[in-house]
Amino acid sequence: MSTLKNTISIARAKNIEKILAPLLGVAGIFSIFITLGIIFVLSKETISFFKIVSALDFLLGTKWEPLLDPKSFGVLPLLCGTFLITLGAAIIAIPSGVLIAVFLSEYASSGVRRVLKPVLELLAGIPTIVY
């Protein structure tokens, strides 16, 4: 009786695979077309932007004032701000992360570890932009 159930289960699985394989193929092709569409639109917009603003002014400019006259599109202030935010986050996150890891692996009781480890893994799974 058990082999008959296994045979039926295998037959059902093969039928489901026959249905799902083309659907997954269509989904894969669709995702490729979406990605190519995004690349096309971004490339078109980038080319039209760099027809107005020189690449040298964009990369080495020190002002980002797209709404004021004269318009200025220097990217250095944006890069500097991004770097400073990343540095500040690293100054906070690296020591606290190492200290928490050492505490959990060396000093925490098994009960505390059993509670804190899933909480920290859950927090790690949430995108940082949410925080």
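**An extended fold and its aromatic cluster**

Of the contacts in this protein with a separation of 6 or more, 2% are accounted for by residues 24 or more positions apart. Please keep in mind, as we go through the rest, that what you see above is a predicted model.

Let me turn to the overall layout. The protein contains four helices and two strands, and if you read along the sequence you meet them in the pattern α-α-β-β-α-α. Its radius of gyration is 27 Å, whereas a compact globule of 131 residues would have one near 14 Å, and along its principal axes the C-alpha trace spans about 85 × 55 × 20 Å. Buried residues make up 7% of the 131 residues, and of the roughly stated exposed area, about 11,200 Å², carbon and sulfur atoms supply 75%. As for charge, the mean positions of the 11 positive and 7 negative charges lie 18 Å apart.

Now to the aromatic side chains, where the count comes to five aromatic pairs. In one of them, F49 and F50 meet edge-to-face, at 5.2 Å centre to centre and with 70° between the planes. F49 also pairs edge-to-face with F58, here at 5.6 Å centre to centre and with 80° between the planes.

Which residues form one aromatic cluster? They are F49, F50, F58, W64 and F73.

Is F58 buried or exposed? F58 counts as buried, because its relative accessibility of 18% falls under the cut-off of 20%. F49, with a relative accessible area of 25%, is partly exposed, and F50, at 34% relative accessibility, counts as partly exposed too.

Notes:
Residues are numbered from 1 along each chain as its sequence is written. Side-chain values use heavy atoms; hydrogens and water are left out. Rings of Phe, Tyr and Trp (its six-membered ring) pair if their centres lie within 6.5 Å; planes under 30 degrees apart count as stacked, over 60 as edge-to-face and the rest as tilted. Buried means under 20% relative accessible area, exposed over 50%, partly exposed in between (1.4 Å probe, protein chains only). The radius of gyration is taken over C-alpha atoms; the globule rule is 2.2 Å times the number of residues to the power 0.38. Contact means heavy atoms within 4.5 Å. Accessible areas come from the Shrake-Rupley method with a 1.4 Å probe; for residues, only the protein chains shown count as cover. Lys and Arg count as positive and Asp and Glu as negative; His and the chain ends are not counted. The place of a charge is taken as NZ of Lys, CZ of Arg, CG of Asp or CD of Glu.
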